[in-house]
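Dear colleague,

I am handing over the structure that we talked about, and I would ask you to keep it open while you read. Below it I have written down what was found, one topic at a time.

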Amino acid sequence: LDVDASWWFRREIPKTLFGLFFEEINHAGAGGIWEELVSNRGFEAGGPYIPSNIDPWNIIGDESSIYVTTEPISCFARNIVALRMEVLCDKCRTGGVGIYNPGFWGMNIEEGKTYNLVMYVRSLEPVELTASLTCSRPSHALENLASASIQDNNVSNWTRVELQLLAHETCRTSRLDLTTSKRGVIWFDQVSLMPSDTYKGHGFRKELIHMLLDLKPRFLRFPGGCFVEGDRLRNAFRWKETIGQWEERPGHYGDIWNYWTDDGLGYFEFLQLAEDLGAAPIWVFNAGISHSEGVDTTSIAPFVKDVLDSLEFATGSAESTWGSVRAEMGHPEPFPLKYVAIGNEDCYKEFYEGNYLKFYKAIRKAYPGIQIISNCDGSSRPLHHPADLYDVHIYSNASYLFKMKSMFDRTSRKGPKVFVSEYAVTEPKDAGNGSLLASLAEAAFLIGVEKNSDIVQMACYAPLFVNNNQPGWKWIPDAIVFNSWQRYGTPSYWMQTFFRESSGAEFHPVKITSRYSNSLAASAIIWRDTDNSFLRVKIVNFGPHAVNLTIRAHQLRTTVDARGSRVTVLTSSDVKHENSFRNPRNVVPVTRGLPNAGEEMQALLAPYSFTSFDLAL
Ligand code: AHR
């Protein structure tokens with residue numbers, strides 16, 4: 001394997017090359033990275049179009065002691081449903097009767113941590129209420145983990161109640177109980193429980209954020225995916241309904257992935273998430289098109305205005321109409337929003353072309369600095385409309401994705417740039433729940449992306465997260481698997497760590513001469529950390545044979561220092577191997593020193609492996 005490390009053949013890789021795609025799918029947000037522990041906090045699930053329901057809330061007591069219903073009586077105009085609880089018993093059971101919420105398949109409550117409870121309560125009589133965190137385990141009695149009580153003589157108007165619950169034990173399957181022993185009627189609305197130690201106090205689950213930070217993402221595409229479109233337009237993501245006070249947000253039913261979200265993780269929080277990750281935000285907005293409906297271009301003007309408002313919200317001054325709303329939410333400085341995508345996978349749908357042009361012209365005029373992304377893949381033929389970038393989505397089996405490493409070799413270098421905004425091996429027989437094989441094919445594909453990064457500006461894996469507790473995963477595989485308290489990366493997650501230093505690095509050409517070259521893929525970069533420079537040579541061996549190679553670096557500007565050099569390998573004894581909660585480190589990169597490192601060195605690549613040589617310069 002020959003690397004041309006000369007100054008003349010270097011090329012700078014775009015600083016934005018590798019990033020993340022966050023979609024509200026698989027409970028990635030609600031019940032995932034957004035650390036609201038109560039599910040259906042406003043009793044609104046179901047939304048305004050089908051009768052509201054209280055799931056997964058349930059009653060404590062029985063039908064002779066308590067009667068619960070939902071009513072349109074809330075003090076919040078945009079989410080009018082509240083819960084009415086009528087206590088029928090004079091001598092209620094020990095501990096009282098009431099309601100409980102198990103969160104997203106059990107709350108993770110940890111000893112020594114404080115949980116902030118906020119709820120709205122109303123009753124014509126003085127109330128006596130206890131809020132408790134209780135541990136619920138099959139065939140065990142409920143155990144109290146924390147409690148606080150309120151006795152309020154006047155809650156005849158809706159009253160905001162705030163309590164802090166300090167847990168004295170750990171339990172991964174806990175619930176929030178709200179109980180009373182006093183006969184009467186109490187209304188509840190907007191019940192929220194969050195740990196007091198979310199990431200930077202911004203509401204994000206810390207350990208999951210750290211997994212994202214470890215990938216050094218340069219951009220964050222959000223909030224979907226099909227989630228942006230909805231099956232019906234009324235169920236699409238509407239940014240204006242997701243901003244402002246959390247209590248006022250109506251929430252919505254995502255009818256593509258079939259679950260309710262309270263939209264605590266809204267447009268503002270996505271922009272905040274990008275900022276916290278040090279990633280450039282990429283806002284994918286609905287183009288007036290859902291999976292089964294479309295707005296005729298003659299009627300698209302209100303949608304265009306809505307998108308311009310979203311851009312003012314993100315980037316306008318704190319004095320502007322929408323920028324002032326952002327400032328009130330605690331972010332007076334504008335967010336650096338530089339990319340928008342007009343729709344998701346809508347290219348061939350009726351009205352896309354017409355709607356696209358309306359959005360494009362309005363955004364270009366009002367925000368000439370914003371880069372506009374089209375849904376129409378121009379990698380093999382020219383687009384019919386102007387764009388700065390176009391989306392490419394690729395889901396396939398492993399051998400096809402491996403071959404697709406040369407997909408962009410012949411793509412036109414004129415015109416818009418490529419954004420591979422979704423890629424993954426998804427064929428079940430290859431990918432399983434996230435296999436080594438899938439990650440190797442993806443690594444080869446990304447090596448092709450690096451090689452073509454004069455035209456490919458961005459690439460991100462999809463989907464990012466799955467909550468393992470949800471009944472029936474919506475999409476398999478995913479990069480990160482979690483439950484209420486554990487998480488692990490699939491091999492596809494770990495594969496991405498090999499590319500985290502590529503964005504902004506120097507690309508150098510490589511040439512492989514081997515009888516196995518059809519099953520090899522390789523690239524070379526020079527990258528710098530704070531103190532050192534490295535020549536990194538990455539090689540995927542996508543075949544069943546061990547491969548011996550001589551690696552030669554030609555025209556290096558300096559010599560290789562074996563002492564600071566190392567090699568990192570991702571492999572396993574079986575390509576079908578996966579990670580799991582029981583064995584989260586079954587397939588992970590292993591790093592060791594490289595005493596034989598030099599301008600010329602021998603390397604042995606394991607069958608079905610991904611190897612990265614970092615030669616210290
Ligand atoms: O990544 C999962 C889905 O795949 C996305 O929502 C959609 O854009 C694509 O079809």
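A disulfide is counted here wherever a pair of cysteine sulfur atoms lies within 2.5 Å, and by this rule the count comes to three disulfides. Please bear in mind that this is a predicted model. As background, a disulfide is a covalent bond between the sulfur atoms of two cysteines.

Let us go through the disulfides in turn. Cysteine 89 is joined to cysteine 92, with an S to S distance of 1.9 Å, and this link is right-handed, with 90° about the S-S bond. Both of its partners, cysteine 89 and cysteine 92, are buried.

Another disulfide is formed by cysteine 135 and cysteine 171, whose sulfur atoms are 2.1 Å apart. Because the torsion about the S-S bond of cysteine 135 and cysteine 171 is about 70°, this disulfide is right-handed. The pair links distant parts of the chain, since cysteine 135 belongs to strand 10 (residues 127-135) and cysteine 171 to strand 13 (residues 171-180), 36 residues apart. Are these two cysteines buried or exposed? The cut-off for buried is under 20% relative accessible area, so cysteine 135, at 2% relative accessibility, counts as buried, and cysteine 171, at 1% relative accessibility, counts as buried too.

The remaining pair to describe is cysteine 347 with cysteine 376, which form a disulfide with their sulfur atoms 2.1 Å apart. This pair also links distant parts of the chain: cysteine 347 sits in the loop between strand 19 (339-342) and helix 6 (352-366), while cysteine 376 sits in the loop between strand 20 (371-374) and strand 21 (389-396), 29 residues apart. The link of cysteine 347 and cysteine 376 is right-handed, with 105° about the S-S bond, and both cysteine 347 and cysteine 376 are buried. If you number the bonded cysteines of the chain in sequence order, you will find that the pairing reads 1-2, 3-4, 5-6.

Two further cysteines deserve a look. Why does cysteine 460 have no bond to the closest cysteine sulfur? That closest sulfur belongs to cysteine 226 and is 14 Å from the sulfur of cysteine 460, which is too far for a bond. Cysteine 460 counts as buried because its relative accessibility is 0%, whereas cysteine 75, at 39% relative accessibility, counts as partly exposed.

Next comes the empty space inside the model. The structure holds four cavities of 30 Å³ or more, and about 100 Å³ of space lies in the largest cavity. The lining of the largest cavity is made by 14 residues, and those nearest its centre are Phe18, Gly19, Leu215, Gln496 and Phe499. Which element gives the largest share of this lining? It is strand 23 (residues 456-461), from which three of the lining residues come.

Finally, please turn to the surface, where Trp7, Trp8 and Phe9 make a nonpolar patch of about 430 Å². One of these residues, tryptophan 7, is placed in the loop between strand 1 (2-4) and strand 2 (11-12), and tryptophan 7 counts as partly exposed because its relative accessibility is 44%.

With best wishes,
Your colleague

Note on methods: Residues are numbered from 1 along each chain as its sequence is written. This is a predicted model: local features need pLDDT of at least 70, side-chain atom pairs count only at pLDDT 80 or more; totals for chains, interfaces and linings use all residues. Side-chain values use heavy atoms; hydrogens and water are left out. Patches are made of residues with over 30% relative accessible area and no salt bridge: like charges are joined within 9 Å, nonpolar side chains (Val, Leu, Ile, Met, Phe, Trp, Tyr) within 5 Å. Accessible areas come from the Shrake-Rupley method with a 1.4 Å probe; for residues, only the protein chains shown count as cover. A salt bridge is a side-chain nitrogen of Lys or Arg within 4 Å of a carboxyl oxygen of Asp or Glu. Helices (H or I, at least four residues) and strands (E, at least two) are DSSP runs, numbered from the N terminus. Buried means under 20% relative accessible area, exposed over 50%, partly exposed in between (1.4 Å probe, protein chains only). On a 1 Å grid over the protein atoms alone, a cavity is a set of points where a 1.4 Å probe fits but cannot get out, and a pocket is an open set with protein on both sides within 12 Å along at least five of seven lines; lining residues have an atom within 4 Å of a point. Grid points are joined across faces, edges and corners, and a volume is the space filled by probe spheres set on the points.
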